[in-house]
Amino acid sequence: METAFRRKIETHLQSLPAAEASFQKFSTSPFVLMFYSKKRNYSHVSEIESDIVPAKVFSSMETSAGRMVEEVVLPIYGWEVVPSGMHSVESLLDGRKVGGDDLCAVTLKSGPRCLNDEMAQNIGRDVATNVRAWAASHGAHTVDFTYGVLYGTKKQSNKKDWHVLRSIAEALPAGTPVHNSHRRAWCIGYERDGLHVTATVRIGIDWWRYLGGENAWLEVCVALIRACVTPAAPRDVQPRYTIADLGTILDLSSLPAGYNVSLLQESQLEWLLFLARHFCDGFTAELGRAFGGLGRT
């Protein structure tokens, strides 16, 4: 996984905006540039120039990072990446796994607040409309659909992802037997024309646990760190962070004593905490046990 990430990321980095790139290719918003100049109290265009390239690099990465993660990780855990294709019955799907009579299918979003009302409604309708075609294409009699989010928690969600389930329920013909209601739940299950369908919203660790087991999200984080972060000598003095709670998040005392450093160098451990904070609402004993579990492997 680490090697696959490294190759994928290095290829992507070559396509990112460079400092010597032409400004006309950046598609910047003039309003954002002006608002940011006000915030930084700039007087000359030369002052904002150095901010534009990093901003466009972040923007470009946010667009493609989720897809890169999907393309690397899904095959490692036995899933197939569904090629992007517009206007096909599987255009909603990013991944699938077929086993006997069962089809597991997933559409993935990179973060917990990616949907608006219209998008959630369209996803729900697509599931209800196309699930029979998905099953027929793979000879399946049951379909387990997941709306998955690569990081975040249910608490961080804007709940638009839950609206996917409500949209599925609303799109079902009257009289469809519903085994598991979506009300006060993050899943729905129903039968239609002999096809058993479940649809579940899985966010962050829930998704990774479903995909690859208890430690899958940690395995992904460690692989990303090893692929992206250069080890360095430990620092004697901790830096003062501008972001108020960053020092607390990166406090290594929250890790179990004797944590296994064979996977990561000591200087990389703060990156593990940095990534882990994106998968939880706060560091808890449960997360500590998860770290300890990885440390014993």
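## Burial and overall build

Of the 297 residues in this protein, 40% count as buried. The model is predicted. Its secondary structure consists of 10 helices and 7 strands, and the C-alpha trace spans about 65 × 50 × 35 Å along the principal axes.

Among contacts with a separation of 6 or more, 68% are between residues 24 or more positions apart. The exposed area of the protein is about 16,900 Å², with 54% of that supplied by carbon and sulfur atoms. There are 31 positive and 32 negative charges, and the mean positions of the two sets lie 4 Å apart.

## Helices α2 and α7

Helix α2 covers residues 30–40 and is hardly covered by the rest of the protein: of its 11 residues, the number that count as buried is 1. The residue that follows α2 is N41, and its phi is positive, near 60°.

Helix α7 runs through residues 216–228. With 13 residues at 1.5 Å a residue, α7 should span 18 Å, and because its end C-alpha atoms are 18 Å apart, the model agrees with that expectation. The buried residues of α7 are A216, W217, L218, V220, C221, V222, A223, I225 and A227. In an α-helix there are 3.6 residues a turn, so residues three or four places apart point the same way.

## A serine in helix α3

Helix α3 takes in residues 45–76, and S64 is one of its residues. S64 has a relative accessible area of 17%. A residue is buried when this value is under 20%, so S64 belongs to the buried group. The C-alpha atom of S64 lies 15 Å from that of L224, although 160 residues separate the two along the chain.

## Strand β1 and its surroundings

Strand β1 is made of residues 80–81, and V81 is placed in it; E80 lies in the strand as well. E80 has a relative accessibility of 40% and therefore counts as partly exposed. V81, at 22%, also counts as partly exposed.

What does E80 touch, not counting residues up to four places away in sequence? Its contacts are D94, G95 and R96. The C-alpha atoms of E80 and R96 are 5.3 Å apart, with these positions 16 residues apart along the chain.

For V81, leaving aside neighbours within four places in sequence, the contacts are R67, E70, E71, L74, P75 and D94. The C-alpha atoms of V81 and D94 are separated by 6.0 Å, while the two residues are 13 apart along the chain.

## The loop between β4 and α5

Strand β4 (142–149) and helix α5 (160–171) are joined by a loop that holds T153. T153 counts as buried because its relative accessibility is 9%. Apart from neighbours within four places in sequence, T153 is in contact with P112, I203, F279, C280 and D281.

K159 is found in the loop between β4 and α5 too. Its relative accessible area is 35%, so K159 is partly exposed. The phi of K159 is near 70°, a positive value in a residue other than glycine.

## The loop between β5 and β6

R184 sits in the loop that runs between β5 (178–180) and β6 (187–192). Is R184 buried or exposed? At 89% relative accessibility, R184 counts as exposed. R184 is not a glycine, yet its phi is positive, at about 60°.

## Cysteines

How many disulfides does a search of the whole structure find? The count is 0. A disulfide would need a pair of cysteine sulfur atoms within 2.5 Å.

For C187, the closest cysteine sulfur is that of C104, at 14 Å, which is too far for a bond. C187 is partly exposed, because its relative accessible area is 29%.

For C221, the closest cysteine sulfur belongs to C280 and lies 10 Å away, again too far for a bond. C221 counts as buried because its relative accessibility is 3%, and it is listed among the buried residues of α7.

Methods:
Residues numbered from 1 in each chain as written. Predicted model: local features only at pLDDT ≥ 70, side-chain atom pairs only at ≥ 80, totals over all residues. Heavy atoms only, no water. Helix = DSSP H or I, 4+ residues; strand = E, 2+ residues; numbered from the N terminus. Buried < 20%, exposed > 50% of the residue type's maximum accessible area, 1.4 Å probe, protein only. Contact = heavy atoms within 4.5 Å. Areas by Shrake-Rupley, 256 points an atom, 1.4 Å probe, with all protein chains shown as cover. Lys, Arg positive; Asp, Glu negative; His and termini not counted. Charge placed at Lys NZ, Arg CZ, Asp CG, Glu CD. Expected span 1.5 Å × (residues − 1).
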